[in-house]
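User: Please take a close look at one part of this model for me, the way its first chain is divided into domains and how those parts sit against their surroundings. I am in my first year, so a patient, connected explanation would help.

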Amino acid sequence: MPAKDRDAYIDPDAEEDDFSAEEHDSVGSGDDFDQGTSSRGGKRGGLAGGKKGAEARLKSKGKGGDGYAWEGSISRTWDQVREDDGGSLELSVQEAIARARRKKLQQSGQAVRRTIIRHLVLMLDLSRSMTDRDLRPSRFDLGLEYARAFISEWFDQNPLGQIGVVGMRNGIGERLGEMSGNPQEVLRSIADRDKLMPAGEPSLQNAVEMARGTMSHLPSHASREIVIIFGSLTTCDPDNIFDTLEGCVKDKIRISIVALAAEMKVCRELCERTNGTFAVAMNEGHFKDVLFELIPPPAQLAAPAGAPGRSGPASSAAELMLMGFPSRLPETSPPSLCACHSTIKSEGFICPRCKVKLCDVPTDCDVCGLMIVSSPHLARSYHHLFPVQGYRPVMSMTQENPAGVPAQLACHGCSLPFPLRTLDSSANGGDAGDAAAADGISPLGRYRCPKCAKDFCSDCDVFVHDALHVCPGCC
Amino acid sequence: MDTSTTKAAREDPPAHLTLIVDLNPLQWELSSQASNDTPLSLSQFLAQLMIFINAHLAARDDNTLAVIGALPGYSVMLYSTDDSPPDDEAPARHQANSFQPFRMVDGRIASRIQEEMEKSTDLDGKTDRGLVGAITKALCHINRVNLLSVALTNNPESTSAMAPPSSQSPRMLILSISPDASTSYIPLMNSIFAAQKLKVKIDVCKIFGSDTVFLQQAAYLTGGSYLVLERRDALLQYLSMCFLPPASLRKVLATPSQDKVDFRAACFCHKKVVDIGCVCSVCLSIFCYPITRTSCSTCGTRFPLQTLKRLGYIRQPAAQANGRSKPNGTANGK
Amino acid sequence: MRAIKGVLLTCDSAVKQILLTLNEKEAFIVEDLDETHVIIAPDKVERVRQALASELEKNAFSLEANVP
Amino acid sequence: MPAPAAEALPGQHILLSFLATQSQISLTRLYSKPSACLALFRLLNALERQIIMNYLWLEGPVSSNTMDVWVTRDGRAPYEAAMRTLASLQVLPSPKPGSNMLQLSPSFKKNFRLALTGGGDHMSFGVPCEKDLAGGVNVEMLDRYAANCWESILHFMVSSGTDGRASRPTKGILYLLDRSGLMAGQGAPKITSEGFQFLLTSPHAQLWTLLLQYLSITNERNIDMVEVIQFLFMLSTMQLGQEYSTEVFTNTYHSVLEDLIDYGLVYKRNPNRIYPTRLATTLTSGSSATTSSSAVSSQAQTGASLSGNSTVATAGGGFIILETNYRLYAYTENPLQIAIINLFVSLRGRFSNLVTGSITRESVRKALDNGITADQIISYLVTHAHPQMHKNNPLIPITVQDQIRLWEQEKNRVQIAEGYLWKEFTASTDYNLVLEHARSTSSVVWENEQARMFFVTPEGHASCRDFVNQRMREGGGFA
């Protein structure tokens, strides 16, 4: 896979989401590991924020031993906040948030080809190490919570995908949920917390082999991915795991790991060889961020949309699929038997080919095998394929506006007027202006669509790119 | 007594209504022609619309309103509650005969529509762009208003931690007269999903013209009502019965629901509505079946030969290949 | 068969015991019905109420008194 | 609460229950003003409003079945309640027996349509005047004025219980307070327990309590009640900050106007011109959310007391912080608020913008003795909680809430019921017979089968005695 591909997919998020970025090294360095093993208190500090902060806290906290739960949950708030010169906190927080948002936006917008039909095995570490309480309330509970959120969000963005769930405990892989395209079904498989109680050692190899077996029969146009939430620092394998790795590479399975403890060589190797991502969660928020980075469909190839002929190696996996678009029967229609559960129901969807009634879409028709999707399902994925171009920050009204064109008074999206004077850059001096420019923040609070040249406010900018996926000016 | 009034106030949060008015002059011209069973001209319609707006504002002091006009090729915000009020008109005796807020809102909307209609005298402009633009603008506006109310919540000055951020329970009502435009399918669908995320109900009232499948889906997917005006002389009755009640009331007084929703999609090659189609696995473009091409017109991917064979590939005569957005030289690639 | 005018006091059993004690000083109970009910003379209600309140008040302790 | 003419249904505005007791003729006359129709419409709940809208544009009567089909299964009960309310207000009179055709009252229909469409020549929304720029009258000033007037009344009530330093309000107000049972005693009136309860309710509720009382004495004063209501409704549809001419007012309006100026609903600077204050313009909006942000921020104190209205969440000025150790900090310097807090808090210290104190058994006892209930104290604390408090869940520390309720229960360890004890039945049949009768009148307070005794209320006693006597006369056997 070309390096470009990885760039589009991996987010250099380790630095980005922590606001005191320059205070510590990139994720998963060796130091981090040492701290994690040497003392519990140090570990928590290491996760919480920069190492300097951690050391300072270690001294003050050293005698207190483990500390109490409530200490842990509040100890993080100030990591993210730094006073600006005037001593005001609010501005720096808001700016940091705005910067993070804008950085995220800047990455999208380039036309990439993405895998829409995805198959994913979500692997949960259910070993004893998950009972650790360095993430609140515990690694296990937090992991479970985020896994559920991950699944809901994943299906929201990949309506045609399927997820299977595998657990790792007592040295074996446990199949918790079969591959399924129904979010409810997948969620049900990890709904019962008591059945998933952590025990024993994890085995990466066993679990990966199990996942590989599940996905081996899949057609070539579908992606095969494994996402592992890994809390342990060991793996208990029956055989050479690197053989498994070779197998995964051969089968084009992409492995991504979110480690909760520290970096392990074997984990990074698994990810790097298979073009996946590896990340170590530093704290609760960061855990969620790195996990959710894995939700958008991975880019397959950095070819601009609509450019013909430039078919890369991945295009060999392209397929044409026959799909049926059903019509929905109203609740008032006469009840009849459905093909999938043989129960009598009045509402349902009619397969356009064999006219049999089905309960829910998307599904494969039980009679003729046609893949049945509703057009909204397909449409849900379109925004990945036709992303809105990123807006450029407007730096100054005089430079950017061609003479004779009056400046827009109100945001083209929400129609709320722009502030007449914003964050007055004159007061802060040129310094602030430069810094803002580097971060892609407009001092005027205006962002301009390169296509339709309309100005938008920062809220609408984020909304358009995060949720709407349509530029109000261009459409 | 105090607690009881408090409770009643809680059950019934202020409502936000965004009206999207289709102002396509061509369609209104058609609608007002005497050859129709019940001709309805724009001015008649606006008179009734104003009363509907007044009824919405009358219900509660803090009900908010935004009106967006969809004109051929563009859309424009006509009125929004957060606009600063205009300069005071000279008080006059006749003003004692109407409620001041109504007078102000109605006057503003009427004059803005007048302005816009004079600007766009071009009768055969494109119809579609305006509507989707209006919907996206409406969503941006609702999003912004939501954000503002959240900001207010976090502001220590106000004490509304108890109130959910979306106490506004926004709704959108599209008064449509133009037909579907298939080119706006993707932006419209994206808007619908954004509306779902914002929990905005989209109501659609089709005042003139045939059913629009896309708006039907919009109403269905967001839980709103879709209504084709059967008797256009009773517009006001329809509006106040079906589109005035906020979401909480619709649990008590039913509003018309759709019996059948068409979930078919338009194919990308001929913009035909299809029920079985071929879908490109890379970009999910829909093509009609049997397939007439060897590569995807959207992403340029070439399809494997055996698949084409399996799906009954028909080599298409070159003469028929016009009228689609086909990139050069890909149709006969293999 | 007989009907007598009176005031029905409904109370908990602790209060009932206090009432019985008070009754020894000054009889006001007309009929002792059960654990939680007594009938008392209508003209003595106010007196009983006050006596009971001051009796209960003896058992209430407050931090206030100790804090300046 | 001083009882208005009728008990308010839960969630219903007290004015509506008052109107429901009025004659059809008065109501029809009331609906002759479009502004009155509009104001009444705003007092109704959402469902009732919607039902009106459904009927408003229909020309002829409709069969009730036509409309009923739209009601969902779950909505049946609220729908019927709404229809009852509308019928009692004569807005949508119930159909004549034997028919099920419904339509809005013609007078209401005509004038509410006029209110929505504008037009006509009824002058019921007030005749605005040219702006008088020199006057220095602005919204803030009006808010201050209204708050002063209203708070001086409340302050007088509070201080009457203690030292009575507050200035005496006018005679009219004193009479009203006396009539409504909020204060009692000639010469130097004292606040009653109803009065204490009154103080803890929201300003909106307080205002209407007094105004209803005002309406109920219109008869003695030979003022036309319908016109008074019309005038109040007219004020409620006026705009804050706009000056209105009084030239078109009727005599009734003029005489009422003087009283309303005392209450702070109206501000009068020039002859023949008035400004409605926020108290007036929010009379029928049922919510204070319209309080302008300037009022909230620039004068947090007056804003708070004015807007501590029905919508708790939007009230701009919570100022009370209550800790789990019963300590209370109130960020206020408003004497009225301090006086009210003093009703149930033992205050310790006073600073320039802060009063501290704690909730103690004694202080709550004192409040309970004044007739204030535990729920009222708690709801007052909730309503006026400082924004910081809203981070807590529950808002008021659970220990404090429980303790206040326990203190209330402690006070009520003995329940007292007057009545008669029936005893010494010779046969159980006699006992059962009489008891059966007493039960049928549901007057049995206590019974004991073993001892053959039961206790009945005085009314039940009379009925039982008659029953027994009759039975004896008829020769029915009593042992």
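Analyst:

**Domains of chain A and their surroundings**

Taken over C-alpha atoms, the centres of domain 1 of chain A and domain 2 of chain A are separated by 31 Å. The contact between these two takes five residues from domain 1 of chain A and seven residues from domain 2 of chain A. On the side of domain 1 of chain A that touches domain 2 of chain A, the residues divide into three nonpolar, one polar and one charged. Please keep in mind throughout that this is a predicted model, and that every value here is computed from it.

Where do the domains begin and end? The domain assignment of chain A gives domain 1 as residues 112-293 and domain 2 as residues 323-385, while domain 3 is written in two pieces, 388-421 and 433-474. The chain that carries them has 475 residues, of which buried residues make up 42%, and its secondary structure comes to 17 helices and 19 strands. Among contacts in chain A between residues at least 6 apart in sequence, 66% join residues at least 24 apart.

Let us begin with the sheet. Six strands of chain A form an open sheet with mixed pairing, and reading across the sheet the order is β4-β3-β2-β5-β6-β7. At the edges are β4, residues 172-180, and β7, residues 278-280, of chain A, each of which pairs on one side only. From one strand to the next the twist averages 15°. Within this sheet, strand β5 of chain A, residues 223-230, runs parallel to strand β6 of chain A, residues 253-259, and seven bridges join the two. To find this pairing on the structure, you can look for A:Arg224, which stands opposite A:Ile253 in β6 of chain A. Helix α8 of chain A, residues 139-157, packs on the sheet, where it touches β2 (118-125), β3 (162-169) and β5 of chain A, and the direction of the helix makes about 175° with that of β2 of chain A.

The UniProt record can be laid beside this picture. In an unreviewed entry, UniProt lists residues 119-270 of chain A for "domain: VWFA". In the model that span is 36% helix and 26% strand, and the C-alpha atoms at its ends lie 18 Å apart.

Two further annotations concern shorter stretches of chain A. The feature "zinc finger region: C4-type" is placed by UniProt, again in an unreviewed entry, at residues 351-368 of chain A. Over residues 351-368 the chain is 0% helix and 22% strand, with end C-alpha atoms 9 Å apart. For "domain: C2H2-type", the unreviewed UniProt entry lists residues 447-469 of chain A. Residues 447-469 of chain A are 48% helix and 17% strand, and here the end C-alpha atoms are 16 Å apart.

We can now turn from the inside of chain A to its partner, chain B. How many residues does each chain give to the contact? The contact takes 59 residues from chain B and 51 residues from chain A. On the side of chain B that touches chain A, the elements that give two or more residues are β3 (74-80), α5 (128-154), α6 (185-198), α7 (213-222), β7 (261-262) and β10 (276-280) of chain B. The largest share of that side, eleven residues, comes from α5 of chain B. By residue type, the side of chain B that touches chain A divides into 30 nonpolar, 18 polar and eleven charged.

A pairing of strands also crosses between the two chains. Strand β9 of chain A, residues 320-324, runs antiparallel to β10 of chain B, and five bridges join them. One place to find this pairing is A:Gly324, whose bridge partner in β10 of chain B is B:Ile276.

Finally, a single residue of chain B shows how contacts and burial can be read together. B:Leu175 is found in strand β4 of chain B, residues 170-176. Why is B:Leu175 counted as buried? B:Leu175 counts as buried because it has 23 C-beta neighbours inside 10 Å, and the cut-off for a buried residue is 20 or more. Leaving aside neighbours within four places in sequence, B:Leu175 is in contact with B:Leu19, B:Ile20, B:Val21, B:Asp22, B:Cys205 and B:Ile207.

Terms used. Residues are numbered from 1 along each chain as its sequence is written. Chains are lettered from A and ligands numbered from 1 in the order in which they are written. This is a predicted model: local features need pLDDT of at least 70, side-chain atom pairs count only at pLDDT 80 or more; totals for chains, interfaces and linings use all residues. Two strands pair if DSSP finds at least two bridges between them. Helices (H or I, at least four residues) and strands (E, at least two) are DSSP runs, numbered from the N terminus. Axes are lines fitted to C-alpha atoms, for helices over the stretch in contact, and angles run from 0 to 180 degrees between N-to-C directions. UniProt positions are given in the numbering used here, feature names are shortened, and annotations may be inferred rather than shown by experiment. Domain bounds come from an automatic or database domain assignment. Ala, Val, Leu, Ile, Met, Phe, Trp, Tyr, Cys and Pro count as nonpolar, Asp, Glu, Lys and Arg as charged, and the others, Gly among them, as polar. A residue is buried if 20 or more other C-beta atoms lie within 10 Å of its own, exposed if 12 or fewer, and partly exposed in between; C-beta atoms are placed from the backbone.
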